[in-house]
Amino acid sequence: MTADPRTGEGLWRELTRQALARLVRTYGSARFDLCEDAVQEAILHAYQRWPTQLPDDPLGWLTATARRRYADHARSDARRRHRETRAASSHPPVAPEAAQRDDSLLVLQLCCHPDLPRSGQVALTLRAVAGLTTAQIANVYQVPESTIAQRITRAKRRVSELGRPVPSPEHAAERVTAVLDVLYVMFTEAHHTTTGAPPRDADLAAEAIHLTRLLRGSLPESTEVAGLLALMLLSESRHPSRVGPDGNLKPFDEQDRTLWDRELIDEGTELVEQAAPGAEPGPYLLQACIAALHAEAPDIATTDWDEILALYRVLELVTGHGNPTITLNRIVAQAMVDGNDTALAQIDVLEAEHSRLPRLNAVRAHLLEQANRPEDAANAYRRAIAATVNLAERQHLRHRLRRLSGANE
């Protein structure tokens, strides 16, 4: 592996994950918290040193440095001094074949230990595997940063207390539901970043796709894994048209579909066609089917909205009507089938249950604009702007508000 610290956050995330996996393999999951602390210290050292002296083997350098940090921490604990220092000093060098092994899935599965609550699984994975900051994770879930910090701390402590053998990719099926949920959150955050100016995090999107490909390699018969990978590929295919020449976001109905990545569409569509026939409808495969229908349509007008609405209704049943984002997307499809007035009435019902739902006022504003209610639309755009954290999305909403105001002067 070659590396350059200037190539982006994606490289740092990969190196961090791989080094953590090597330490966990060596010292066991009972020492997960110590392993992660050692890797984080090694990463800080690398940030300081690599810009002027890049090692030939960045992962080997990072792992060796992390092992030294681990041994230092272990020696500072008198009760574990003999056992830990012996393990640290006696561990043999990584074999060439092991050096080429991608242990990303191992760390992902460890963080999704079934004895952890789902909230702890997700928070720990997004921190240790995806490399998101505590603030980013807090924004994803719209909870205080201190709450996420406590979840991560408790999850680390619980993994260490369990001290069970590290799971192998061959046993991926045991934790697939939690792993899929975490990967989905990673990809969603990548495409709708909750902090900062960029509208998307390209490195994080690539990481999510990479990890999902690894998971599919371990579970080739899982239709839900195939569905999530297809959903990611089909969503990623639209990226070239999401930002206009002026740098502003382009809404779905205004995107130039000739810019969509046909290779990704073909791969995602093929996955859907292979997985869907006869499969039990799961949430990720259903969403992939919806994405495939969008990808196959040449424009908004010729999209099969009746089929998309039907799929969203099935999706709501499968998820137990417990996901307000899915309901909001169903309402958008319903507007295309039954009209804006019906959809707006449903948004009022949804808001009564989920008043802080992201994008709710943005969708409402768009529907009101389509219904030729400019004053109500403008007020909804203002509320959407106030609730939006991502600067690029806020700029897009302001542009829509200015355009609406200009059309009515």
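Start by selecting E316: this glutamate is buried, with a relative accessible area of 4%. Keep in mind as you click around that you are looking at a predicted model. Now add R330 to the selection. The two form a salt bridge, with the closest N and O atoms 3.0 Å apart. R330 sits in helix α16 (residues 324-338) and E316 in helix α15, so the pair links parts of the chain that are distant, 14 residues apart. What about the arginine, buried or exposed? R330 counts as buried too, because its relative accessibility of 11% is under the 20% cut-off.

**Along α15 to the surface**

Stay on helix α15, which covers residues 305-318, and pick E307. This glutamate is partly exposed, at a relative accessible area of 35%. Next, add D304, D306 and D338 to E307: the four gather in a patch of negative charge on the surface. If you colour by charge, this is the spot to look for on the outside.

**Over to α2 and α3**

Select R69 and E41. Their side chains meet in a salt bridge, at 3.8 Å from N to O. Which helices does this pair tie together? R69 lies in helix α3 (residues 58-75) and E41 in helix α2 (residues 32-49), so the bridge connects parts that are 28 residues apart in sequence. Both ends are partly exposed: R69 has a relative accessible area of 24%, and E41 comes in at 29%.

While you have α3 on screen, click T65, which is in that helix. Its relative accessibility is 0%, so T65 counts as buried. Show its surroundings and, leaving out residues up to four places away in sequence, you'll find that T65 touches A42 and H45.

**Two covered helices**

Jump to helix α6, residues 104-111. How many of its residues are buried? The count is 8 of 8, so this helix is mostly covered, given that buried means under 20% relative accessible area. Going through them, you have S104, L105, L106, V107, L108, Q109, L110 and C111.

Then move to helix α7, residues 118-128. This one is mostly covered as well, with 8 of its 11 residues buried. Among the buried ones are G120, Q121, V122 and A123, and the list also includes L124, T125, L126 and A128.

**More charged pairs**

Select D376 and R373 for another salt bridge, where the closest N and O atoms are 3.0 Å apart. D376 is partly exposed at 33% relative accessible area, and R373 also counts as partly exposed, at 36%.

For something with more members, pick E254, E369, R400 and R403 together: these four are linked in a network of salt bridges. How many salt bridges does the structure hold? The total is 13.

**Zoom out**

Finish with the whole protein in cartoon view. There are 20 helices and 0 strands. Of the 409 residues, 48% count as buried. Switch on the contacts and take those between residues at least 6 apart in sequence: 64% of them join residues at least 24 apart. Last, draw the surface. The accessible area comes to about 19500 Å², and carbon and sulfur atoms account for 50% of it.

Methods:
Residues numbered from 1 in each chain as written. Predicted model: local features only at pLDDT ≥ 70, side-chain atom pairs only at ≥ 80, totals over all residues. Heavy atoms only, no water. Buried < 20%, exposed > 50% of the residue type's maximum accessible area, 1.4 Å probe, protein only. Helix = DSSP H or I, 4+ residues; strand = E, 2+ residues; numbered from the N terminus. Patch = residues over 30% accessible without salt bridge, like charges linked within 9 Å, V, L, I, M, F, W, Y side chains within 5 Å. Areas by Shrake-Rupley, 256 points an atom, 1.4 Å probe, with all protein chains shown as cover. Lys, Arg positive; Asp, Glu negative; His and termini not counted. Charge placed at Lys NZ, Arg CZ, Asp CG, Glu CD. Contact = heavy atoms within 4.5 Å.
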